[in-house]
Amino acid sequence: MTYILAIDQGTTSSRAILIDEKMRPTRTAQQEIKQHFPASGWVEHDPEEIWKTVRETCLEVAAGTDVAAIGITNQRETTLVWDRATGKPIHNAIVWQDRRTAATCAALKKTGHEAFVTDRTGLLLDPYFSATKLAWILDNVDGARARAEAGELAFGTVDTFLIWRLTGGARHVTDATNAARTMLYDIKIGAWDADICRLLDIPMSLLPEVLDCAADFGTTDLLGGATPILGVAGDQQAATIGQACFKPGMMKSTYGTGCFALLNTGDKPVASTNRLLTTIAYQLDSTPTYALEGSIFIAGAAVQWLRDGLGIIEDAAQTGELAQAADPEQEVILVPAFTGLGAPYWDAECRGAMFGLTRGSGPKEFARAALESVGFQTHDLLDAMQADMGHASDTVLRVDGGMAASDWTMQFLADITGAAVDRPTVLETTALGAAWLAGMKAGIYPDQDGFAARWALDHRFEAQMDEATRNRRYEAWKDAVRRTLTHP
């Protein structure tokens, strides 16, 4: 049997998934990635650890199999710069969650640059994106700017760095979805933006070539032969593809470290008036399909905080049981602004807060508050999306990611949003999206319509909460957020 190898390089781990001719995941290997926090609000990864974990997981799952092609999906916006001659990074990877450039973004806003940046890129001026992270590296690593101007350095998001390593430095490329998250790419004309590069003093020689999501990204000898890399998409776009959200109006929400909801808007970018992002959902045959995106920085990371920060759980699976057993009379609210708040607030400086604590509040109430915060934040995104589209609709959320496996969390999500929540039989939608891109390009997998026809429902969660309770609880959430924001 012929297989597609999907590389899923995420924020907390690297995974390799072997997917067969019928698009079924058959073998998985996973290794955790260490999180580095050198200062408050700073988050970094070791690029060599990223490469090591990807290489080792790929070799583990691919041993003894015929791999026809490789698809890559990755944590987006995370920024790397390396030496073109040696491939050696000049600094740790600055992770998408990192907020060190908040003051830079605030200064650019103050001088009136946000409207022009948003018009070109669909993004807001925020430290979330790659551009100011790249500028920071050039400004703070000895000799980096001079070396960049001399053409000695290369920039890339994680996909670009992995392709460079996989191809032995032969290819410096990315795809349109990852390029669209850098805040350096004009999503309307499909090109790097010289004006933004000048604004941030970024030499354009640093930037990779931009390809379709299904394209020839080069070949690797990692698996013993010459294996082509034929599919690349940022993780949230890959999940949108894996959920077969190919028609305008279709929506997916991924619950991993953060939460990311994408609404397919078709062949025209929709400018948000509610502080959502306009982005590229995918690009095939040189034609982009656009999306509105709401980005929540903390979802599953709140559960990690319960485990690693507070030590009140040993395993993420415990949170649902604790939440179920929590005191129903206590309505503890967690605003998980550990690294600021994303859409639709975009407050880089606010920090997390807990409201409604009583003497009786304990691990059960903390666990419930952490899970409920995901539902409340998704409600924020749905409201903003419906306002941008100009109408309220009977939204169906296609969900995936690690938290989607929690029945308790998905039921609360349906309850608090009032939307139906559809969980597919295959939760590996991110890897599946990357694999489909590569397998379709290789001629092994069906086209869009054939792929969409194979999407299968595992369970639909319907709202059970009455509207009055839903409205009361959501108003309490919004009040808690107002108290947390630096500029309510």
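A residue counts as buried when its relative accessible area is under 20%. With that cut-off in hand, the aromatic contacts of this predicted model make a good place to start. W436 and F451 both fall in the buried class. A search across the whole structure returns 20 aromatic pairs. One of these joins Y128 to F297 in an edge-to-face arrangement, with 5.1 Å between the centres and 70° between the planes. This pair bridges distant parts of the chain, as Y128 lies in the loop between α3 (114-121) and α4 (130-140), while F297 lies in the loop between β18 (287-296) and α10 (300-309), 169 residues apart. Y128 and F297 are both buried. The rings of W436 and F451, introduced above, form a stacked pair, 5.2 Å centre to centre and with 20° between the planes. Here helix α14 (residues 429-441) contributes W436 and helix α15 (residues 448-453) contributes F451, the two residues being 15 apart in the chain.

Some of the rings also take part in wider groupings. W96, Y128, F129, F260, F297 and W346 are linked by ring pairs into a cluster. F260 has a charged neighbour as well: the charged end of R76 sits over its ring, 5.3 Å from the centre. A similar description applies to R100, whose charged end sits over the ring of W42 at 3.9 Å from the ring centre. Another member of the cluster, W346, has a positive phi of about 50° although it is not a glycine. W346 belongs to the loop between β19 and β20. Because its relative accessibility is 5%, W346 is classed as buried.

The loop between β19 (333-335) and β20 (353-355) also holds P344. The peptide bond leading from A343 to P344 is cis, with omega near -5°. A343 in turn helps to line the largest cavity, together with I296, F297, I298, P336, G340, L341, G342 and Q377. F297 of the edge-to-face pair is thus also found in this lining. The structure holds one cavity of 30 Å³ or more, and the volume of the largest cavity is about 40 Å³. Its lining comprises six nonpolar and three polar residues, with no charged ones.

A pocket offers a further view of the empty space. The second largest pocket has a volume of about 270 Å³. Its lining is made up of 14 residues, and R368, E372, F412, M465 and R473 lie nearest the pocket centre. Four helices, α11 (318-325), α12 (363-389), α13 (407-417) and α16 (467-484), each supply at least two residues of this lining. The most comes from α13, with three residues. By class, the lining of this pocket has five nonpolar, four polar and five charged residues.

Turning to the strands, β17 (residues 277-284) is mostly covered, with eight of its eight residues buried. β17 pairs with β18 in the antiparallel sense over seven bridges, and Y282 stands opposite T289 of β18. The two strands form a hairpin with two residues between them, and D285 in the turn has a positive phi of about 50°.

Elsewhere, six strands make up an open sheet with mixed pairing, in the order β3-β2-β1-β5-β14-β13. The edges are taken by β3 (25-32) and β13 (219-220), each of which has a single partner strand, so one side of each is left without a neighbour in the sheet. Within the sheet, β1 (residues 2-9) and β5 (residues 66-74) run parallel and are joined by eight bridges. I7 has I72 as its bridge partner in β5.

Among the helices, α9 (residues 235-242) has eight of its eight residues buried, so it is largely enclosed by the rest of the structure. The buried residues of α9 are D235, Q236, Q237, A238, A239, T240, I241 and G242. After α9 comes A244, which has a positive phi near 55°. A further positive phi, of about 60°, occurs at D201, which is not a glycine. D201 is placed in the loop between α8 (194-199) and β12 (209-211). With a relative accessible area of 41%, D201 is partly exposed, whereas W346 is buried.

Conventions:
Residues are numbered from 1 along each chain as its sequence is written. This is a predicted model: local features need pLDDT of at least 70, side-chain atom pairs count only at pLDDT 80 or more; totals for chains, interfaces and linings use all residues. Side-chain values use heavy atoms; hydrogens and water are left out. On a 1 Å grid over the protein atoms alone, a cavity is a set of points where a 1.4 Å probe fits but cannot get out, and a pocket is an open set with protein on both sides within 12 Å along at least five of seven lines; lining residues have an atom within 4 Å of a point. Grid points are joined across faces, edges and corners, and a volume is the space filled by probe spheres set on the points. Ala, Val, Leu, Ile, Met, Phe, Trp, Tyr, Cys and Pro count as nonpolar, Asp, Glu, Lys and Arg as charged, and the others, Gly among them, as polar. Rings of Phe, Tyr and Trp (its six-membered ring) pair if their centres lie within 6.5 Å; planes under 30 degrees apart count as stacked, over 60 as edge-to-face and the rest as tilted. Buried means under 20% relative accessible area, exposed over 50%, partly exposed in between (1.4 Å probe, protein chains only). A charge sits over a ring if NZ of Lys or CZ of Arg is within 6 Å of the ring centre and within 35 degrees of the ring normal. Two strands pair if DSSP finds at least two bridges between them.
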